[in-house]
Amino acid sequence: MSHMTRVPLAGSDTGPGEAAPAAAPPPRRRPASQQWAAWAFLAPVTLYLVLFYAYPLYRNIDLSLRHYTVRSFVQGDAPFTGLENYRTVFADATFLPALLHTVLFTVVCLVFQYAIGLALAVFFHQHFRLSATLRALFLVPWLLPLIVSASTWSWMLNSDSGIVNTLLHGVGVDPVNWLTSPSWSLASVIIANIWIGVPFNLVVLHSGLQSIPAGLYEAAALDGAGTWRRFRSITFPLLRPVSAITLLLGLVYTLKVFDIIWIMTKGGPAESSTTFATWSYQLGFGNMLPAFGPGAAVGNLLVIAALVFGLVYIRVQRKQAWT
């Protein structure tokens, strides 16, 4: 009786007498119950994003592209005008001062909030008695409602009875019209916003400092590196990812600051502290004949600015990840 010889196929790794490897089993599909459970968990988040982010953004874009009056706002029959509202905003005499105030307010607040927050984070990173207690006290401005903080600063900076002018008078300095002078109104709201934003920078940067290994500082100290050298070569470089997200979040928050400015100065006097946020509110709700379209257009400019900086941050993070 003849025996058939098994010949291996070309390209096969199996030799004579070896069995071919078993085919991989097909991937198992998730049961339908698990898929429905996953959608059920996603549904509340999706509904929240649609109702409170996507739909308001769509309505704001629609407002900026139509000529809305009070009647058409109620009835919903506003005519489509394209970019006419944006042209109206760009041609307005308030546009350039509001743009300048928005840039100054945002940049100065970010720089001082980050610098003071980083200095305090480094200070509290040194463990000493009452460190946790003092750090908790610095969180008070962040925990207070904005209307309380703004009202407190309005009282402190009052020209006649404010404690700041009282202290200045005590050292022989003439009183300053903080809230009623066009030269000082923007500086007043910047000071108040810096005070409110420092605790956020302190908390985030302090948590970033805790993630830096202590062995790096010990090795640097053994090599003779001083305090400033250790900060410049270890602390600051390793804090870059945390610093980037801190500055981005601070930027988005500062761009849309409205309550502090409105409570303290209402954008005045003579529009000396008007920013895009307060101007948008004035156009849409601050007049007897509201201009809903231009107000929405100014608001969309803030959204675009925040979006551009967010995309820049994502691009920078990707480059850092690739390198």
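**Briefing: a surface patch and a cavity**

Ile 147 sits in helix H7. The model is a predicted one. Two features are described below: a nonpolar patch on the surface, to which Ile 147 belongs, and the largest cavity, with about 30 Å³ of space.

**Ile 147**
- The relative accessible area of Ile 147 is 54%.
- Ile 147 therefore counts as exposed, because exposed means over 50% relative accessible area.

**The nonpolar surface patch**
- The patch covers about 1000 Å².
- Phenylalanines in the patch are Phe 123, Phe 128 and Phe 138.
- Leu 130, Leu 134, Leu 137 and Leu 144 also take part.
- The other members are Val 140, Ile 147, Val 148, Trp 195 and Ile 263.
- Helix H5 (131-137) and helix H7 (146-156) are the elements that each give two or more residues to the patch.

**The largest cavity**
- The count of cavities of 30 Å³ or more is 1.
- The lining of the largest cavity includes Thr 102, Phe 105 and Thr 106.
- Thr 254, Leu 255, Val 257 and Ile 261 are also in the lining, as are Thr 275, Phe 276, Ala 277 and Leu 302.
- Two or more lining residues come from each of helix H4 (95-125), helix H12 (240-255) and helix H14 (276-285).
- H4 gives the most to this lining, with 3 residues.
- By type, the lining of the largest cavity has 7 nonpolar residues, 4 polar residues and no charged ones.

Technical notes: Residues are numbered from 1 along each chain as its sequence is written. This is a predicted model: local features need pLDDT of at least 70, side-chain atom pairs count only at pLDDT 80 or more; totals for chains, interfaces and linings use all residues. Side-chain values use heavy atoms; hydrogens and water are left out. On a 1 Å grid over the protein atoms alone, a cavity is a set of points where a 1.4 Å probe fits but cannot get out, and a pocket is an open set with protein on both sides within 12 Å along at least five of seven lines; lining residues have an atom within 4 Å of a point. Grid points are joined across faces, edges and corners, and a volume is the space filled by probe spheres set on the points. Helices (H or I, at least four residues) and strands (E, at least two) are DSSP runs, numbered from the N terminus. Ala, Val, Leu, Ile, Met, Phe, Trp, Tyr, Cys and Pro count as nonpolar, Asp, Glu, Lys and Arg as charged, and the others, Gly among them, as polar. Patches are made of residues with over 30% relative accessible area and no salt bridge: like charges are joined within 9 Å, nonpolar side chains (Val, Leu, Ile, Met, Phe, Trp, Tyr) within 5 Å. Accessible areas come from the Shrake-Rupley method with a 1.4 Å probe; for residues, only the protein chains shown count as cover. A salt bridge is a side-chain nitrogen of Lys or Arg within 4 Å of a carboxyl oxygen of Asp or Glu. Buried means under 20% relative accessible area, exposed over 50%, partly exposed in between (1.4 Å probe, protein chains only).
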